[in-house]
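Student: Could we go through this model together? I would like to know what earns each structural term its place.

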Amino acid sequence: GGFFYSILPYLEQQSIHQLGAGLSGWDKRQALGEQQAHPLSVLHCPSRRRAIGYAAGEFASHHSNRPPGGMAKTDYAANAGTNRFFGAGPGSGCANTYPNCNWQVYYSHRDSGGPYFPDFPTMVELSDGIVHVRSEVRPAHVRDGMSNTYLAGEKYLNPNNYYTGIAPDDNNSAYQGFDYDTVRWTRHAPYRDTPDLQWGTETNQDRNEFGGSPSYRFGSAHPGSFHMVLCDGSVQSVSYSIDPAIHRKLGARNSGDTRYDSPF
């Protein structure tokens, strides 16, 4: 599981967090399917959609059964920093060899340049957000300060796909691992939810304006601003017109960059 799965015990949802523990085979698949179907109101913005099960175009079929009543979703995302990395993850044999698994990075994009394909240790070293693949970030790692670093916040979604489950950034469970459904990056400026604008449908003009897919971005359904939680626990309303350089810096936990003052 990813960020939202990991914080379930702190939301007093230990029963969901523990579904499947100690089981194997069909029983475990059934329990994990049930886990993916548990919506939580705390993971939804009231301005966007209700906490119910929604259609899902993708699910971990090799690990669980498809929930019959729809998938639990989230309107929020964890801060994955400025450098965008993705990995295919290990095979099922990793369950017996962890952490000695074949972790593969198949796409990445550094804040300072274009596509880059590092080995896994380098990816971990360059990941500067609060979450990344196999992340174990502690307060001491947030060297830019807990009040100067995003923890999580509202994510951009295409309003036409709030309920369809076909958007690649909202097609799986809130409790899955590191994916567009559960993380976003700050190397891309935030954006308000916009009909018909999503990964794969944006025009060249959109790409020039965004500098990347909207599916990578924070954002919300609110007209003037979106909300972010900082690592100190405070919740801030952030304007869509925030200086992109400041927004980018707030996503990095260890930039050491003192050129920009925090807007909070």
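Student: Which residues line the largest cavity, and what makes a residue part of a lining?

Tutor: First, some ground rules: this is a predicted model, in which local features need pLDDT of at least 70 and side-chain atom pairs count only at pLDDT 80 or more, while totals for chains, interfaces and linings use all residues. Residues are numbered from 1 along each chain as its sequence is written, and side-chain values use heavy atoms, with hydrogens and water left out. Now your answer: the lining consists of Ala80, Asn83, Phe85, Met123, Ser127, Val131, His132, Val133, Phe178 and Trp185. They belong to it because each has an atom within 4 Å of a grid point of the cavity.

Student: Why is it called a cavity and not a pocket?

Tutor: On a 1 Å grid over the protein atoms alone, a cavity is a set of points where a 1.4 Å probe fits but cannot get out; a pocket is an open set with protein on both sides within 12 Å along at least five of seven lines. The search of the whole structure finds one cavity of 30 Å³ or more, and the largest has a volume of about 40 Å³. That volume is the space filled by probe spheres set on the points, which are joined across faces, edges and corners.

Student: How many residues of that lining are nonpolar, polar or charged?

Tutor: Seven are nonpolar, three are polar and none is charged. The classes work like this: Ala, Val, Leu, Ile, Met, Phe, Trp, Tyr, Cys and Pro are nonpolar, Asp, Glu, Lys and Arg are charged, and the others, Gly among them, are polar.

Student: And what surrounds the second largest pocket?

Tutor: It has a volume of about 330 Å³. Of its 16 lining residues, Phe4, Ile7, Val42, Ala152 and Val229 are the closest to its centre. By class, the lining has 13 nonpolar, two polar and one charged residues. α1, β4 and β8 each supply at least two of them, and β4 gives the largest share, four residues.

Student: What makes a group of residues a nonpolar core?

Tutor: They must be buried (under 20% relative accessible area, with exposed over 50% and partly exposed in between; 1.4 Å probe, protein chains only). They must also be Ala, Val, Leu, Ile, Met, Phe, Trp, Tyr or Cys, joined through side-chain atoms within 4.5 Å. The largest such core has 23 residues, of which Phe3, Leu40, Leu43, Val131, Tyr175, Val183 and Trp185 touch the most other members. The elements giving two or more residues to this core are α1 (3-6) and β1 (76-79). A second, separate core of 11 residues includes Ala77, Met228, Tyr240 and Leu250.

Student: Why does Arg248 count as partly exposed?

Tutor: Its relative accessibility is 26%, which lies between the two cut-offs, so neither buried nor exposed applies. Arg248 sits in helix α7 (residues 244-250).

Student: Is Glu12 buried or exposed, and what stands out about its phi?

Tutor: At 68% relative accessible area, Glu12 is above the upper cut-off and therefore exposed. It lies in the loop between α1 and α2 (14-17). Its phi is near 60 degrees, a positive value in a residue other than glycine. Most residues other than glycine have a negative phi.

Student: How do you know which strands pair in the open sheet?

Tutor: Strands here are DSSP runs (E, at least two residues), as helices are (H or I, at least four), numbered from the N terminus. Two strands pair if DSSP finds at least two bridges between them. β1 and β5 have two bridges, in the parallel sense, so they just meet that requirement. β4 (residues 150-154) and β8 (residues 225-230) are antiparallel over three bridges, with Gly153 opposite Met228. β8 and β9 are antiparallel over five, and Val229 has Val235 as its bridge partner. The full order is β5-β1-β4-β8-β9, with mixed pairing.

Student: What makes β5 and β9 edge strands?

Tutor: β5 (183-184) and β9 (235-239) each pair on one side only.
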